[in-house]
Amino acid sequence: MIIVKRDGTKEELVFSKMKKVIDFACETYPECDPLELETALLPLFRNGISTKEIQRSLIQVAVEKTSVEQPNWQYVAAKLLTYDLYKEARLNRKYGHFGYGDLYSLITYLTDMGLYGKYILEHYTKSEIQELGEYIKPERDYLLNYIGLKTLSDRYLIRGLDKEVLEPPQELFMGVAMHLAMKENDKLHWAKQFYDVLSNLEMTVATPTLANARKPLHQLSSCFIDTVPDNLWGIYNVDQSFAQVSKHGGGMGIYVGKVRSRGSNIRGFKGVAGGVVPWIKNYNNTAIAVDQLGVRSGAVAVYLDVWHKDILDFLNLKTNNGDDRMKAHDIFPGVCIPDLFMKTVEERGTWYLFDPHEVRKAKGYSIEDSFGEEWERRYWDCVNDERLSKEEIPAIDIMKRIMTSSFETGTPFLFFRDTVNRANPNKHKGMIYCSNLCTEICQNMSPTELIQTQHEDGIITSQLKSGDFVVCNLSSTNLGRVYTREDIERVVTTQMRMMDNVIDLNYYPVPQAEITNKKYRAVGLGSSGYHQMLAQLKIQWESDEHVEKADEIYEWMNYYAIKASMEIAKEKGAYPAFEGD
């Protein structure tokens with residue numbers, strides 16, 4: 001039987017070579033019998049089959065054998081996929097041996113192709129890159145299961161213009177580590193530290209960081225949040241900013257609570273405003289039109305206050321009944337809820353809806369610019385003001401609408417604004433109106449303002465006053481591998497430095513994002529692998545021991561994150577808004 005090799009040459013099939021690959025994949029998993037793979041593979045052979053097709057068939061057979069009873073077949077499949085990546089990379093990069101190539105040659109090659117940023121070669125000498133190349137541990141490829149490696153391969157490894165593999169996993173991890181360490185005083189030390197926690201799967205950086213670090217357009221942040229002012233320029237400026245963020249791989253949160261409601265006045269003309277829904281539909285269209293670098297779809301969460309007159313239309317945005325012109329099926333709606341609303345629901349009381357534009361005109365303040373007791377004082381002040389038009393509705397009816405929408409669509413998100421603002425460490429510098437796609441980011445927000453536009457000799461210059469345009473830099477500790485106090489201290493301390501470096505080594509899609517990110521230097525440290533940790537420690541889900549373990553784990557994570565932040569501040573200085581926080 002004749003087979004076709006990857007380079008196009010033909011030779012006679014030597015099954016012992018194939019058996020060698022199968023034995024290599026199964027050798028560390030005694031319950032995975034190589035003979036099962038060989039038997040399943042035999043019927044697929046035909047004259048003229050390519051070695052690439054044989055390898056892909058082997059991988060598929062191993063994937064299909066993965067089960068609850070025999071989970072290790074997923075690691076066999078991953079080893080076979082790793083072998084496939086090695087073969088492809090060797091052919092595409094034209095080096096002779098099996099495994100990893102010369103890291104310096106790879107970086108210069110990818111830089112010349114425009115796939116690597118020139119800044120890596122500007123910050124590291126040839127000898128430094130060679131030292132880091134020698135530090136790479138190929139055996140760590142085998143820590144990944146099949147789904148993990150397939151995702152890494154399809155979405156994150158650098159490929160050529162024809163999607164050919166150029167970068168196996170460990171070179172990806174080292175490239176990301178080199179980017180995040182390149183401005184450290186002891187950059188080789190920190191590059192190795194960053195590489196170790198990434199390649200040992202003890203933590204992972206956010207999707208944009210993993211995808212874009214080391215590349216020319218290195219947008220590394222996951223999420224952004226903007227505030228929409230109640231004017232046409234501001235509404236479209238937010239849309240433009242969202243497009244730029246999505247183009248560079250970020251998700252977006254948008255607060256529309258300042259925008260006047262449907263039927264409000266515009267320049268003295270009564271009842272002509274279209275409300276928030278038409279503008280939300282614009283943001284919906286941008287999410288469809290501008291995806292995140294082809295890695296994932298554009299994504300935006302839009303938040304509105306539960307006291308806004310358009311709240312009922314807002315709660316129907318994603319449901320399948322009603323007027324389709326009032327729908328936005330691709331956004332993720334979120335409702336900002338004050339404590340008073342929940343008390344009113346509990347008491348089965350009446351809730352009042354207002355137009356924020358009318359409140360500003362009549363009262364001289366924006367009700368949304370406060371929280372807690374001050375917000376409640378303003379709310380009752382508006383309720384008792386006869387000049388204001390308001391709608392009355394039982395609070396329980398709004399809650400029923402929220403629950404109905406949640407049952408049908410999984411949304412809206414609920415954002416308890418009083419709770420968040422009371423806990424805000426930077427309340428001396430601003431206000432938090434809403435959150436992001438994951439309802440996890442809580443940072444000061446304010447709209448960007450257009451100050452003036454000038455033109456001279458055909459050149460138009462606009463001056464903007466930057467608002468607080470929220471940026472979030474994320475990473476996640478893998479509790480499935482890191483759950484002792486010593487490991488948490490080591491990994492979390494390293495993570496905090498990595499994320500802090502993201503702030504300075506980032507490509508910002510809009511300038512106000514850089515201004516805000518460097519003003520507050522906020523980072524988000526999360527966790528994954530939680531259930532795996534409980535299973536490995538044999539802790540029952542419904543037990544007091546579980547409650548105690550959760551309290552212990554997150555107290556350690558919190559403590560070491562704050563401690564690491566303090567140490568970084570001692571070394572590099574506190575964030576600009578620190579005084580008075």
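**Exercise 1. Work out how the strands β2, β1 and β3 are ordered and how they pair.**

Start with the order: three strands make an open sheet that reads β2-β1-β3, with mixed pairing. This is a predicted model, by the way. Next, look for the edges. β2 (10–12) and β3 (49–50) each pair on one side only, which makes them the edge strands. Now take one pair in detail: β1 (residues 2–4) runs parallel to β3, and 2 bridges link them. To find your place in that pair, look for Val4, which sits opposite Ser50 in β3.

**Exercise 2. Place strand β6 (residues 251–255) among its partners, and decide whether its residues are buried or exposed.**

Take the neighbours one by one. Strand β5 (residues 223–227) is parallel to β6, with 5 bridges between them. A handy marker here is Phe224, facing Met252 in β6. To get from β5 to β6, the chain goes through helix α12 (residues 232–247), and this β-α-β crossover is right-handed.

Then turn to β7 (residues 300–305). β6 pairs with β7 in parallel too, this time over 4 bridges, and Tyr255 has Tyr303 of β7 as its bridge partner.

Now check the side chains. In a regular strand, they alternate between the two faces of the sheet. Here Gly251, Gly253 and Tyr255 point one way, Met252 and Ile254 point the other way, and all of them are buried. With 5 of the 5 residues buried, β6 is largely enclosed by the rest of the structure.

**Exercise 3. Describe how helix α10 (residues 187–199) meets helix α20 (residues 485–504).**

Two packed helices are described by the angle between their axes and the distance between the axes. So grab those two values: the axes of α10 and α20 come within 10 Å and cross at roughly 115 degrees. Add the hand, and you have α10 passing α20 in a left-handed crossing.

Next, list who touches whom. From α10 come Trp190, Gln193, Phe194, Val197 and Leu198; across from them, α20 supplies Arg490, Val491, Thr494, Arg497, Met498 and Asn501. Sort these residues by type and you get 6 nonpolar, 3 polar and 2 charged.

**Exercise 4. Find out where Lys327 sits and what it touches, leaving aside its neighbours within four places in sequence.**

First, the address: Lys327 is in the loop between α14 (311–315) and β8 (332–337). Second, the burial: a relative accessibility of 6% is under the 20% cut-off, so this lysine counts as buried. Third, the company: Lys327 is in contact with Lys281, Asn316, Leu317, Thr319, Asn321 and Gly322. For a sense of scale, Glu36 is 291 residues away from Lys327 in sequence and 53 Å away in space, C-alpha to C-alpha.

**Exercise 5. Sort out the backbone at Lys94, Leu201 and Pro412.**

Recall the background: most residues other than glycine have a negative phi, and most peptide bonds are trans.

Lys94 has a positive phi, near 60 degrees. Its place is the loop between α4 (73–93) and α5 (103–112), and at 72% relative accessible area Lys94 is exposed.

Leu201 also has a positive phi, of about 60 degrees. Look for Leu201 in the loop between α10 and β4 (203–205); with a relative accessible area of 18%, Leu201 is buried.

Finish with the peptide bond. From Thr411 to Pro412 it is cis, with omega near 15 degrees, and Pro412 lies in the loop between α18 (395–409) and β11 (413–416).

How values were computed
Residues are numbered from 1 along each chain as its sequence is written. This is a predicted model: local features need pLDDT of at least 70, side-chain atom pairs count only at pLDDT 80 or more; totals for chains, interfaces and linings use all residues. Side-chain values use heavy atoms; hydrogens and water are left out. Axes are lines fitted to C-alpha atoms, for helices over the stretch in contact, and angles run from 0 to 180 degrees between N-to-C directions. A crossing is left-handed if the near helix is turned anticlockwise from the far one by less than a right angle, and right-handed if clockwise. Contact means heavy atoms within 4.5 Å. Ala, Val, Leu, Ile, Met, Phe, Trp, Tyr, Cys and Pro count as nonpolar, Asp, Glu, Lys and Arg as charged, and the others, Gly among them, as polar. Buried means under 20% relative accessible area, exposed over 50%, partly exposed in between (1.4 Å probe, protein chains only). Two strands pair if DSSP finds at least two bridges between them. A crossover is right-handed if, with the strands pointing away from the viewer, the path from the first strand over the helix to the second runs clockwise.
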